[in-house]
Amino acid sequence: MKKTKNILVITYWSYKDALIQAYTLPYLHLFNGILPPNRYIYLVTLEQKHLHLNANERSQIRHRLRLQGIKWIDFHYYRFGILSFLNWIPILLRLCQLAIFRNVSHIHAWCTTAGAIGYVVSVLTRKPLIMDSYEPHADVMLETKTWTANSPAYRILKRFEKLEGQHSRTQICCTEDMTDYARKSLGITLRNPVVKPACVDLDRFSFTNRKKPYLLHKLALENKIVCVYAGKFGGLYLEQEVFDFFKVASEYWGDRFRVLLLTNEKEENLDRWMKASGLDPVIVKKTFVFHSSIPDYIGLGDFAISPYKPVPSRKYSAPIKNVEYWSLGLPVVITKNIADDSKIIADNEIGAVLENLHTEDYRSAVITIDRLLNTFTIRQLYDKIRPIVESNRNFGVARKVYEGIYS
């Protein structure tokens with residue numbers, strides 16, 4: 001096998017996006033202990049306007065990443081359409097030039113949207129393609145009714161997902177079931193699949209992050225039952241249903257109940273959903289924090305909610321937030337058939353699975369959570385839930401996968 005040199009890592013996200021902060025950079029830091037010295041990881045991001053970074057922030061990020069052996073290359077993000085295609089012509093040329101003239105040995109693409117870019121660059125430069133987090137995206141967008149079956153976006157990405165699976169040297173899947181999906185839905189047999197579920201840095205997420213007194217006081221969450229959610233609304237995630245669940249929980253626990261939303265969702269959307277559910281706005285505390293502070297804020301919760309739309313293709317995904325919740329010892333309310341996580345929660349009795357999205361299901365989930373909170377102390381819940389992450393969702397699992405590819 002050829003000696004590993006520089007690696008071109010392609011993503012479809014903005015630098016401030018949680019998927020870069022929680023789902024990409026931590027893994028790139030693992031590369032430093034695997035790759036030979038005196039090499040660089042070239043990290044490509046697509047910057048969206050609502051996640052804008054000023055010149056000073058960009059300079060600091062570049063300097064910090066360079067010290068970690070990472071060179072950051074950012075491009076503007078354009079929504080799918082003619083402008084997007086025109087924009088990608090010079091970007092693809094630049095990436096091909098970088099791959100050829102900057103001693104790049106591998107193209108490492110994160111998820112199938114970025115994989116489409118990685119596939120083209122790999123074919124043009126004859127550099128091997130590694131598909132990371134190879135999971136369905138086109139079908140998820142179809143099943144959540146974001147795209148239609150006849151839309152160009154769906155048809156193009158579905159085609160690329162097949163090409164990526166056929167062409168890539170290694171397919172890093174989120175679940176073992178992805179091989180079945182590739183065979184049945186894409187009509188291909190993955191030639192070198194490996195499994196890397198969503199993993200977490202256990203040193204950053206631990207019991208020391210639980211119930212920090214100064215944050216409880218700051219957010220007026222002292223002596224409250226707190227449901228925490230760190231994430232987005234819409235698209236792959238439920239919207240109104242989440243607030244309907246909060247309404248049921250507030251009726252059950254009364255003034256003892258609070259919601260902590262760690263999101264950059266627009267206030268007018270939150271107000272609309274709260275009004276439609278009849279939820280008192282006093283119940284909801286909303287703030288947005290950088291991922292470096294996420295463990296302390298998630299740690300304020302007594303339980304968490306994971307409101308993925310329960311569509312069939314989510315079975316093959318890797319929700320990182322669930323692993324972060326578990327690493328802090330939080331029971332989770334989750335929709336059904338999400339990756340392996342829904343089954344793990346049900347089998348280990350560490351939360352509640354919503355079989356349907358109706359009031360009676362929300363009430364049943366609340367009662368299940370209430371029973372857990374009354375049966376176990378915070379420390380006992382931590383000791384019950386944390387071992388699941390320690391056994392098969394720690395960074396050691398990811399390190400073995402990457403060592404098998406690059407060492």
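**Exercise 1.** In this predicted model, find which residues line the second largest cavity, and sort the lining by class.

*Solution.* Start with the residues. Cys174, Thr175, Pro197, Ala198, Ser317, Ala318, Pro319, Ala339, Asp340, Asp341 and Arg393 line the second largest cavity. Next, sort them. The lining has 6 nonpolar, 2 polar and 3 charged residues. Last, take the volume. The second largest cavity fills about 40 Å³.

**Exercise 2.** Describe the largest cavity: its volume, its lining and the elements that contribute to it.

*Solution.* Begin with the count. There are 2 cavities of 30 Å³ or more. The largest cavity has a volume of about 60 Å³. Now look at its walls. It is lined by 13 residues, and Leu238, Ile305, Pro307, Thr335 and Leu354 lie nearest its centre. Then name the elements. α10 (240-253), β11 and β12 each give two or more residues to this lining. Finish with the classes: 10 nonpolar, 2 polar and 1 charged.

**Exercise 3.** Work out the strand order of the sheet, and explain why β10 and β13 each have one side without a neighbour.

*Solution.* First, the order. The open sheet has 6 strands, running β10-β9-β8-β11-β12-β13, with parallel pairing. Second, the edges. β10 (284-287) and β13 (351-354) each have a single partner strand, so one side of each lacks a neighbour in the sheet. Third, the twist. It averages 20° from one strand to the next.

**Exercise 4.** Follow one strand pair, β8 and β9, and then find which helix packs on the sheet.

*Solution.* β8 (residues 225-230) pairs with β9 (residues 257-262) over 6 bridges, in the parallel sense. Here Val226 stands opposite Arg258 in β9. The helix is α15 (residues 359-375), which touches β8, β11 (303-306), β12 (332-335) and β13. Its direction makes about 170° with that of β13.

How values were computed
Residues are numbered from 1 along each chain as its sequence is written. This is a predicted model: local features need pLDDT of at least 70, side-chain atom pairs count only at pLDDT 80 or more; totals for chains, interfaces and linings use all residues. Side-chain values use heavy atoms; hydrogens and water are left out. Two strands pair if DSSP finds at least two bridges between them. Helices (H or I, at least four residues) and strands (E, at least two) are DSSP runs, numbered from the N terminus. Axes are lines fitted to C-alpha atoms, for helices over the stretch in contact, and angles run from 0 to 180 degrees between N-to-C directions. Contact means heavy atoms within 4.5 Å. On a 1 Å grid over the protein atoms alone, a cavity is a set of points where a 1.4 Å probe fits but cannot get out, and a pocket is an open set with protein on both sides within 12 Å along at least five of seven lines; lining residues have an atom within 4 Å of a point. Grid points are joined across faces, edges and corners, and a volume is the space filled by probe spheres set on the points. Ala, Val, Leu, Ile, Met, Phe, Trp, Tyr, Cys and Pro count as nonpolar, Asp, Glu, Lys and Arg as charged, and the others, Gly among them, as polar.
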